[in-house]
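Me: I'm new to this structure and would love a close look at one small part of it. Could you walk me through the spot you find in the record and tell me what surrounds it?

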Amino acid sequence: MTSSLPTSLVAALRAARRVAILTGAGVSAESGIPTFRDAQSGLWATYRPEELASPEAFRRNPRLVWEWYAMRRAAVLAAEPNAGHVALAELERLVPTLTLITQNVDGLHARAGSRDPLELHGNITKVRCSVEGTFYATWAEDGDLPPPCPACGAPLRPHVVWFGEQLPTDVLQQAWHAAEACDVFLSIGTSGLVEPAASLPRVAYSHGATVATINLDVRERSEERLFYLHARSGVLLPQLVAQLARA
Ligand code: APR
């Protein structure tokens, strides 16, 4: 685990006008939400993802997919933001411009106080018509599942990006632009295996940003503009914010 933060990373953040941050499942791990690729306890452990998280799966067995998402939605709503989420919300007040980009669908960044996070993969707490795309804040679970759209009768679906689907273009464009324009890019709690999010740190680096990767996979090291910190986000991010807040 990281014992102390590199002073040059803190200095880069202090000098930064624009900061972009990409988060992944690791940031929510300390809220009790399993990461996708955790073989022991991951959400995918007993299922193959393509059986549950694809348009084909939804066509084949809409009820199974709906019920799986309903279970995950309940787990997300029962969870609380952790110290890492809270620190990222505080960081927003300490730097001139911060763009928070997340692959997480749990909505915990917003619940911790982050303003308008860019949710690349959607938000599991939201539901939309699978044909028309209209959002519904409430729906009945006591009849047919998935519940039918009140307007057109098509099944409702979770507002998440499934395997084989495109990311929302406007959200991805904003994320890309933030990566190109930032002075410092933090990649936190993501294995960086899923595109296009995985490219964002490289885009930032190639445009001259300082890039720090924080997760439990990396070997601790740093080069001139690259930092790899092996640390839990719920521990490291409050330390980082405390250091930045010091005059
Ligand atoms: N603090 C920081 N990092 C952590 C913590 C923690 N407490 N716990 C785990 N990690 C790190 C792991 O070391 C790993 O690098 O979080 C990362 C989790 O990686 P993944 O499970 O692959 O999650 P993510 O990168 O968000 O997955 C991307 O893939 O399955 C799809 O759409 C899904 O959004 C998801 C995307």
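Reply: Let's begin with Cys-149, which touches Cys-129, Glu-132, Tyr-136, Ala-154 and Leu-156, leaving aside residues up to four places away in sequence. Keep in mind that this is a predicted model. Cys-149 sits in the loop between strand 5 (135-136) and strand 6 (156-160). Is Cys-149 buried or exposed? Its relative accessibility is 3%, so Cys-149 counts as buried, the cut-off for that being under 20%.

Now follow the contact to its partner, Cys-129. This residue belongs to strand 4, which covers residues 122-129. Cys-129 is buried as well, with a relative accessible area of 1%. With residues up to four places away in sequence again set aside, the contacts of Cys-129 are Thr-134, Tyr-136, Cys-149, Cys-152, Ala-154, Pro-155, Leu-156 and Arg-157. Tyr-136, Ala-154 and Leu-156 therefore appear in the contacts of both Cys-129 and Cys-149.

Why look at these two together? An unreviewed UniProt entry lists Cys-129 and Cys-149 under "binding site". They span 21 residues in sequence, yet no two of their C-alpha atoms are more than 5.7 Å apart, so they gather at one spot.

For another view of the chain, turn to Arg-18, in strand 1 (residues 18-23). At 40% relative accessibility, Arg-18 is partly exposed. Its C-alpha atom is separated by 8.1 Å from that of Ala-178, although the two residues are 160 apart along the chain. Among the residues that Arg-18 touches are Thr-97, Cys-182 and Asp-183.

Terms used. Residues are numbered from 1 along each chain as its sequence is written. This is a predicted model: local features need pLDDT of at least 70, side-chain atom pairs count only at pLDDT 80 or more; totals for chains, interfaces and linings use all residues. Side-chain values use heavy atoms; hydrogens and water are left out. UniProt positions are given in the numbering used here, feature names are shortened, and annotations may be inferred rather than shown by experiment. Helices (H or I, at least four residues) and strands (E, at least two) are DSSP runs, numbered from the N terminus. Buried means under 20% relative accessible area, exposed over 50%, partly exposed in between (1.4 Å probe, protein chains only). Contact means heavy atoms within 4.5 Å.
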